[in-house]
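Here is a briefing on one protein chain, for use at the bench. Keep the sequence and the model open while reading.

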Amino acid sequence: MLRLGRREFGDHEPVIMAIVNRTPDSFYDQGATFRDEPALARVEQAVAEGAAIIDIGGVKAGPGEEVTATEEIRRTVSFVAEVRRQYPDVVISVDTWRHEVGEAVCAAGADLLNDAWGGVDPKLAEVAARHGAGLVCTHAGGSRPRTRPHRVAYADVMADILRTTVGLAERAVSLGVRRDGVLIDPGHDFGKSTRHSLEATRRLAEMTATGWPVLVSLSNKDFVGETLDRPVKDRLVGTLATTAVSAWLGARVYRVHEVAETRQVLDMVASIAGHRPPAVARRGLA
């Protein structure tokens, strides 16, 4: 069972996490949801299209202008509070690696802390425990926040992913984070080459076999772009193909830009797997 905020998700229930970037320089939307009005419109659309989690980020993942903890808090806290007010049942996640930000957003109503940088700030798990929030434990290969991988190598990338994410998950639980609120994430692109991210996808069943729910953040990432030689705005097909494979291998949560398209892919895979009946079943019956 996965329990986040007011929501409980069944073992075969795929969950969509919609990305809402409160940044002026995000790699995909170039600041389209930096201001409150378009950001709230994005939340409304994502929820209508089937997102159960809204993931709010105040700092882009890649290199760029420095964003202090104070500025990250300014970009996220009031928005978290407003989303909480308008959507009391939606799960609110905040993409941050800083415990100061985690403290502020949890006080404002966040249910989940999405730590994409692999526990670089060990106090973040303590914040999640103190507030009863969930935690995403990600493999970033030891990378520092907002850096790109350079000549990164692993003897066995999945072994490193498992050792890191399971270790972070077990530490979180030992600190008091609810076991049913902890997820692990292979960290596609983070501290990895394209070949590493492809191997992590191919071997995802090794992660799901641990029993920890697996979150995948695949949406329009560089490993998709390099694999197909496509620019950022032309990676949807590759993203959805990777989503389908990840769903078949047992991933539970999908962090995405395109909610409606992802919903169709996940529903189709769930129906093929026998976990979801067809929405309509008339063919051959009349």
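T239 touches L218, S219, N220 and V224, leaving out residues up to four places away in sequence. T239 sits in helix α9, residues 236-248. The model is predicted. T239 counts as buried because its relative accessibility is 3%, and the cut-off for buried is under 20%.

**N220 and D189: positive phi in loops**

- N220, one of the residues that T239 touches, lies in the loop between β9 (215-217) and α8 (222-228).
- N220 is not a glycine, yet its phi is positive, at about 60°.
- Most residues other than glycine have a negative phi.
- N220 has a relative accessible area of 1%, so it is buried.
- D189 is another non-glycine residue with a positive phi, near 75°.
- The loop between β8 and α6 holds D189.
- D189 has 17% relative accessibility and therefore counts as buried.

**I16 and T262**

- I16 belongs to strand β3, residues 15-21.
- Its relative accessible area is 0%, so I16 is buried.
- Beyond four places in sequence, I16 is in contact with G50, A51, A52, I53, Y254, V256, V259, T262, R263 and L266.
- The C-alpha atoms of I16 and G64 are 28 Å apart, with these positions 48 residues apart along the chain counted as their separation.
- T262 is part of helix α10, residues 259-273.
- With a relative accessible area of 2%, T262 is buried.
- T262 touches I16, L240, T243, Y254 and V256, not counting residues up to four places away in sequence.
- From T262 to V136, 126 residues apart along the chain, the C-alpha separation is 20 Å.

**Nonpolar cores**

- Nonpolar side chains tend to be buried together in soluble globular proteins.
- The largest nonpolar core has 61 residues.
- Within this core, I54, F79, V80, V83, L113 and L135 touch the most other members.
- Helix α5 (residues 157-175) gives the most to this core, with seven residues.
- What does V80 touch, not counting residues up to four places away in sequence? The contacts of V80 are I56, I92, V94, V105, A108, G109 and A110.
- A second, separate core has 13 residues, among them M17, A52, V91 and V253.

**Aromatic rings and a charge**

- The chain has one aromatic pair.
- W117 and F190 form this pair, which is tilted, at 4.6 Å centre to centre and 55° between the planes.
- The partners are 73 residues apart, and the pair links distant parts of the chain.
- W117 is in the loop between β6 (112-115) and α4 (123-131).
- F190 is in the loop between β8 (182-185) and α6 (194-202).
- Buried or exposed is the next point for W117: at 7% relative accessibility, W117 counts as buried.
- F190 also counts as buried, at 13% relative accessibility.
- R22 lies over the face of F79, 4.4 Å from the ring centre.

**Helix α4**

- L124, A125, V127, A128 and A129 are the buried residues of α4.
- Cover for these buried residues includes α3 (99-108), β6, β7 (134-138) and α5.
- G132 comes just after α4 and takes a positive phi of about 70°.

**The chain as a whole**

- The chain holds 10 helices and 10 strands.
- Of its 286 residues, 52% count as buried.
- The radius of gyration is 18 Å, which agrees with the value near 19 Å for a compact globule of 286 residues.
- Along the principal axes, the C-alpha atoms fill a box of roughly 65 × 50 × 40 Å.
- Among contacts with a separation of 6 or more, 69% are between residues 24 or more positions apart.
- The accessible surface is about 13,000 Å², and carbon and sulfur atoms account for 51% of that surface.

Methods. Residues are numbered from 1 along each chain as its sequence is written. This is a predicted model: local features need pLDDT of at least 70, side-chain atom pairs count only at pLDDT 80 or more; totals for chains, interfaces and linings use all residues. Side-chain values use heavy atoms; hydrogens and water are left out. A nonpolar core is a set of buried Ala, Val, Leu, Ile, Met, Phe, Trp, Tyr and Cys residues joined through side-chain atoms within 4.5 Å. Buried means under 20% relative accessible area, exposed over 50%, partly exposed in between (1.4 Å probe, protein chains only). Helices (H or I, at least four residues) and strands (E, at least two) are DSSP runs, numbered from the N terminus. Contact means heavy atoms within 4.5 Å. Rings of Phe, Tyr and Trp (its six-membered ring) pair if their centres lie within 6.5 Å; planes under 30 degrees apart count as stacked, over 60 as edge-to-face and the rest as tilted. A charge sits over a ring if NZ of Lys or CZ of Arg is within 6 Å of the ring centre and within 35 degrees of the ring normal. The radius of gyration is taken over C-alpha atoms; the globule rule is 2.2 Å times the number of residues to the power 0.38. Accessible areas come from the Shrake-Rupley method with a 1.4 Å probe; for residues, only the protein chains shown count as cover.
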